[in-house]
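This report describes the strands, helices and side-chain contacts of one protein chain. Please consult the sequence and the structure shown below while reading.

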Amino acid sequence: MTDGNAEMSRRAFLTTAAGTAAATGAAGTAAAQEDGGGGGATETVTVGPGGSLVYEPGTEEPLEITPGTTVEFVWDSDNHNIVVESQPEGANWEGHEPIENTGFTYTHTFETVGTYEYYCQPHRTAGMVASIEVVESLSTPSGSGAPELPNSAKTLGVATTFAMVATLGLAFFFLKYGGDYEIEEE
(Lines give C-alpha, C1' and ligand atoms only; values in the text may rest on other atoms or scores of the structure.)
Protein backbone atom coordinates (compact mmCIF):
# COMPACT_ATOMS: atom_id res chain seq x y z
CA MET A 1 0.00 0.00 0.00
CA THR A 2 2.30 2.68 -1.20
CA ASP A 3 -0.29 4.44 -3.37
CA GLY A 4 -0.89 7.92 -1.88
CA ASN A 5 -4.70 7.68 -2.18
CA ALA A 6 -4.99 4.21 -0.65
CA GLU A 7 -2.50 4.64 2.16
CA MET A 8 -3.84 4.47 5.69
CA SER A 9 -1.72 4.12 8.78
CA ARG A 10 -2.40 1.23 11.09
CA ARG A 11 -2.75 3.64 14.04
CA ALA A 12 -5.35 5.78 12.21
CA PHE A 13 -7.30 2.70 11.21
CA LEU A 14 -7.30 1.21 14.73
CA THR A 15 -8.29 4.54 16.29
CA THR A 16 -11.19 4.89 13.87
CA ALA A 17 -12.19 1.24 14.31
CA ALA A 18 -12.17 1.42 18.11
CA GLY A 19 -14.15 4.65 18.15
CA THR A 20 -16.73 3.32 15.69
CA ALA A 21 -17.14 0.04 17.58
CA ALA A 22 -17.59 1.83 20.91
CA ALA A 23 -20.12 4.28 19.48
CA THR A 24 -22.08 1.49 17.80
CA GLY A 25 -22.15 -0.62 20.96
CA ALA A 26 -23.36 2.34 23.00
CA ALA A 27 -26.05 3.12 20.43
CA GLY A 28 -27.27 -0.49 20.49
CA THR A 29 -27.45 -0.49 24.28
CA ALA A 30 -29.32 2.83 24.31
CA ALA A 31 -31.81 1.55 21.72
CA ALA A 32 -32.48 -1.55 23.80
CA GLN A 33 -33.01 0.57 26.92
CA GLU A 34 -35.62 2.69 25.13
CA ASP A 35 -37.72 -0.42 24.44
CA GLY A 36 -38.17 -1.18 28.13
CA GLY A 37 -39.02 2.32 29.32
CA GLY A 38 -42.35 3.11 30.95
CA GLY A 39 -44.31 6.28 31.56
CA GLY A 40 -45.22 5.53 35.19
CA ALA A 41 -48.69 7.01 34.67
CA THR A 42 -50.58 3.77 35.41
CA GLU A 43 -50.25 1.27 38.26
CA THR A 44 -52.17 -1.96 38.76
CA VAL A 45 -53.55 -3.28 42.04
CA THR A 46 -54.73 -6.90 41.98
CA VAL A 47 -57.83 -7.46 44.10
CA GLY A 48 -57.75 -10.90 45.76
CA PRO A 49 -54.82 -12.38 43.78
CA GLY A 50 -55.16 -16.14 43.49
CA GLY A 51 -58.10 -16.10 45.92
CA SER A 52 -56.08 -14.56 48.76
CA LEU A 53 -57.67 -11.84 50.88
CA VAL A 54 -55.28 -9.00 50.04
CA TYR A 55 -54.76 -6.13 47.64
CA GLU A 56 -51.44 -6.49 45.82
CA PRO A 57 -49.64 -4.12 46.20
CA GLY A 58 -51.14 -2.20 49.10
CA THR A 59 -51.82 -4.67 51.91
CA GLU A 60 -48.25 -5.46 52.99
CA GLU A 61 -46.77 -2.08 52.05
CA PRO A 62 -48.59 0.97 50.72
CA LEU A 63 -48.58 1.53 46.98
CA GLU A 64 -46.53 4.70 46.45
CA ILE A 65 -47.45 6.88 43.45
CA THR A 66 -47.17 10.49 42.27
CA PRO A 67 -50.08 12.87 41.61
CA GLY A 68 -51.83 12.18 38.30
CA THR A 69 -51.17 8.43 38.40
CA THR A 70 -54.10 6.23 37.42
CA VAL A 71 -54.52 3.07 39.45
CA GLU A 72 -56.32 0.16 37.81
CA PHE A 73 -57.87 -2.28 40.28
CA VAL A 74 -58.22 -5.74 38.70
CA TRP A 75 -60.36 -8.41 40.40
CA ASP A 76 -58.58 -11.79 40.44
CA SER A 77 -61.15 -13.55 42.67
CA ASP A 78 -64.80 -13.19 43.60
CA ASN A 79 -66.83 -11.16 46.13
CA HIS A 80 -64.64 -8.11 46.71
CA ASN A 81 -65.14 -4.36 46.76
CA ILE A 82 -63.25 -1.16 47.63
CA VAL A 83 -64.56 0.94 50.52
CA VAL A 84 -62.66 4.17 51.20
CA GLU A 85 -61.88 4.49 54.92
CA SER A 86 -59.88 7.72 54.83
CA GLN A 87 -58.31 10.09 52.31
CA PRO A 88 -56.65 13.52 52.26
CA GLU A 89 -58.80 16.60 52.58
CA GLY A 90 -60.03 17.73 49.17
CA ALA A 91 -59.64 14.29 47.56
CA ASN A 92 -62.61 12.88 45.67
CA TRP A 93 -62.06 9.12 45.67
CA GLU A 94 -65.31 7.21 46.19
CA GLY A 95 -63.91 3.67 45.83
CA HIS A 96 -66.13 0.97 44.33
CA GLU A 97 -68.60 -0.40 46.89
CA PRO A 98 -70.66 -2.87 44.83
CA ILE A 99 -69.37 -6.45 45.23
CA GLU A 100 -67.62 -7.58 42.03
CA ASN A 101 -66.14 -10.82 40.72
CA THR A 102 -63.14 -12.10 38.73
CA GLY A 103 -62.38 -10.09 35.60
CA PHE A 104 -63.90 -6.79 36.77
CA THR A 105 -61.71 -3.67 36.58
CA TYR A 106 -62.07 -0.23 38.12
CA THR A 107 -59.78 2.78 37.65
CA HIS A 108 -59.21 6.04 39.51
CA THR A 109 -56.69 8.84 38.96
CA PHE A 110 -55.19 10.11 42.23
CA GLU A 111 -54.42 13.86 42.19
CA THR A 112 -54.24 14.90 45.87
CA VAL A 113 -51.06 14.22 47.88
CA GLY A 114 -51.62 12.14 51.02
CA THR A 115 -52.57 8.68 52.29
CA TYR A 116 -55.66 6.84 51.07
CA GLU A 117 -56.82 3.89 53.20
CA TYR A 118 -59.36 1.37 51.95
CA TYR A 119 -60.72 -2.12 52.62
CA CYS A 120 -62.93 -4.91 51.29
CA GLN A 121 -66.23 -4.89 53.22
CA PRO A 122 -66.82 -8.69 53.20
CA HIS A 123 -63.19 -9.46 54.13
CA ARG A 124 -62.13 -6.56 56.35
CA THR A 125 -61.98 -8.71 59.48
CA ALA A 126 -59.76 -11.17 57.58
CA GLY A 127 -57.25 -8.37 57.02
CA MET A 128 -58.13 -7.27 53.49
CA VAL A 129 -57.15 -3.65 54.06
CA ALA A 130 -54.67 -1.53 52.09
CA SER A 131 -53.36 1.95 51.44
CA ILE A 132 -52.06 4.17 48.69
CA GLU A 133 -49.62 7.00 49.36
CA VAL A 134 -49.56 9.84 46.84
CA VAL A 135 -46.23 11.67 47.15
CA GLU A 136 -44.63 14.55 45.25
CA SER A 137 -41.70 12.41 44.12
CA LEU A 138 -40.91 8.72 44.40
CA SER A 139 -37.94 7.72 46.51
CA THR A 140 -35.27 5.76 44.73
CA PRO A 141 -33.84 2.67 46.36
CA SER A 142 -30.28 3.04 47.58
CA GLY A 143 -27.85 1.19 45.41
CA SER A 144 -24.96 1.79 43.12
CA GLY A 145 -26.67 4.83 41.61
CA ALA A 146 -26.32 3.41 38.11
CA PRO A 147 -29.44 2.29 36.27
CA GLU A 148 -29.89 -1.47 35.94
CA LEU A 149 -29.61 -2.65 32.35
CA PRO A 150 -31.94 -5.43 31.27
CA ASN A 151 -30.22 -8.56 29.95
CA SER A 152 -31.58 -7.92 26.46
CA ALA A 153 -29.79 -4.55 26.35
CA LYS A 154 -26.52 -6.11 27.48
CA THR A 155 -26.81 -8.87 24.89
CA LEU A 156 -27.62 -6.41 22.12
CA GLY A 157 -24.67 -4.20 23.09
CA VAL A 158 -22.22 -7.12 23.14
CA ALA A 159 -23.51 -8.54 19.85
CA THR A 160 -23.37 -5.15 18.13
CA THR A 161 -19.85 -4.48 19.39
CA PHE A 162 -18.68 -7.93 18.25
CA ALA A 163 -20.23 -7.43 14.80
CA MET A 164 -18.53 -4.05 14.39
CA VAL A 165 -15.13 -5.34 15.52
CA ALA A 166 -15.39 -8.34 13.18
CA THR A 167 -16.41 -6.13 10.24
CA LEU A 168 -13.64 -3.63 10.91
CA GLY A 169 -11.12 -6.46 11.33
CA LEU A 170 -12.06 -7.86 7.93
CA ALA A 171 -11.88 -4.39 6.39
CA PHE A 172 -8.39 -3.92 7.80
CA PHE A 173 -7.29 -7.32 6.47
CA PHE A 174 -8.59 -6.53 2.98
CA LEU A 175 -7.07 -3.03 3.04
CA LYS A 176 -3.70 -4.40 4.04
CA TYR A 177 -3.51 -7.63 2.07
CA GLY A 178 -6.21 -7.69 -0.54
CA GLY A 179 -6.81 -6.11 -3.89
CA ASP A 180 -3.37 -5.40 -5.40
CA TYR A 181 -2.17 -8.74 -6.67
CA GLU A 182 0.65 -8.74 -9.14
CA ILE A 183 0.27 -11.48 -11.68
CA GLU A 184 3.51 -12.88 -12.97
CA GLU A 185 3.58 -13.46 -16.65
CA GLU A 186 5.77 -16.17 -18.05
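Thr70 stands opposite Thr109 in β7. This position belongs to the antiparallel pairing of strand β4 (residues 69–75) with β7, which extends over six bridges; two strands count as paired if DSSP finds at least two bridges between them. Strands here are DSSP runs of E with at least two residues, helices are runs of H or I with at least four residues, and both are numbered from the N terminus.

The model is a predicted one, in which local features need pLDDT of at least 70 and side-chain atom pairs count only at pLDDT 80 or more, whereas totals for chains, interfaces and linings use all residues. Residues are numbered from 1 along each chain as its sequence is written, and side-chain values use heavy atoms, with hydrogens and water left out.

**Overall composition**

The protein chain contains two helices and nine strands. Along the sequence these follow the pattern α-β-β-β-β-β-β-β-β-β-α. Of the 186 residues in the protein chain, 26% are buried. Buried means under 20% relative accessible area, exposed means over 50%, and partly exposed lies in between, for a 1.4 Å probe and protein chains only.

**The four-stranded sheet**

Strands β2, β1, β4 and β7 form an open sheet in the order β2-β1-β4-β7, and the pairing is mixed. Its edge strands, each paired on one side only, are β2 (55–56) and β7 (105–110). Strand β1 (residues 42–47) runs parallel to β4 and is joined to β4 by six bridges. The table lists residues of β4 with the residues that stand opposite them.

| Residue in β4 | Opposite residue |
|---|---|
| Phe73 | Tyr106 in β7 |
| Val74 | Thr105 in β7 |
| Thr70 | Thr42 |

In a regular strand the side chains alternate between the two faces of the sheet. In β4, the covered face carries Thr69, Val71, Phe73 and Trp75, and the uncovered face carries Thr70, Glu72 and Val74. Strand β7 alternates as well: Tyr106, His108 and Phe110 point to one face and are buried, while Thr105, Thr107 and Thr109 point to the other face and are not buried.

**The loop after β4**

Ser77 lies in the loop between β4 and β5 (80–86). Is Ser77 buried or exposed? Ser77 is buried, because its relative accessible area is 10%. Its side chain reaches the backbone oxygen of Gly48 at 2.8 Å. A further polar contact, of 2.7 Å, connects the side chains of Ser77 and His80. A polar contact is a pair of N or O atoms within 3.5 Å; within protein, one atom must be able to donate a hydrogen and the other to accept it, and residues adjacent in sequence count only if both atoms are side-chain atoms.

**Strands β5, β8 and β9**

Strands β5 and β8 run antiparallel and are joined by three bridges. Val84 has Tyr118 in β8 as its bridge partner. Tyr118 in turn has Ala130 in β9 as its bridge partner, and β8 and β9 run antiparallel with six bridges between them.

A salt bridge is defined as a side-chain nitrogen of Lys or Arg within 4 Å of a carboxyl oxygen of Asp or Glu. The count by this rule is one salt bridge. The side chains of Arg124 and Glu85 form this salt bridge, at 2.8 Å from N to O. The pair connects distant parts of the chain, 39 residues apart: Arg124 is in the loop between β8 (114–119) and β9 (129–134), and Glu85 is in strand β5. Arg124 is partly exposed, with a relative accessible area of 35%. Glu85 is also partly exposed, at 44%.

**Helix α2**

Helix α2 (residues 151–177) has 27 residues, so at 1.5 Å a residue it should span 39 Å, in agreement with the 39 Å between its end C-alpha atoms. The expected span is 1.5 Å times one less than the number of residues. The buried residues of α2 are Ala153, Gly157, Thr160 and Leu168.

Leu170 is also located in helix α2. Together with Phe173, Phe174 and Tyr177, Leu170 forms a nonpolar patch on the surface, with about 460 Å² of accessible area in total. Patches are made of residues with over 30% relative accessible area and no salt bridge; like charges are joined within 9 Å and nonpolar side chains (Val, Leu, Ile, Met, Phe, Trp, Tyr) within 5 Å. Accessible areas come from the Shrake-Rupley method with a 1.4 Å probe, and for residues only the protein chains shown count as cover.
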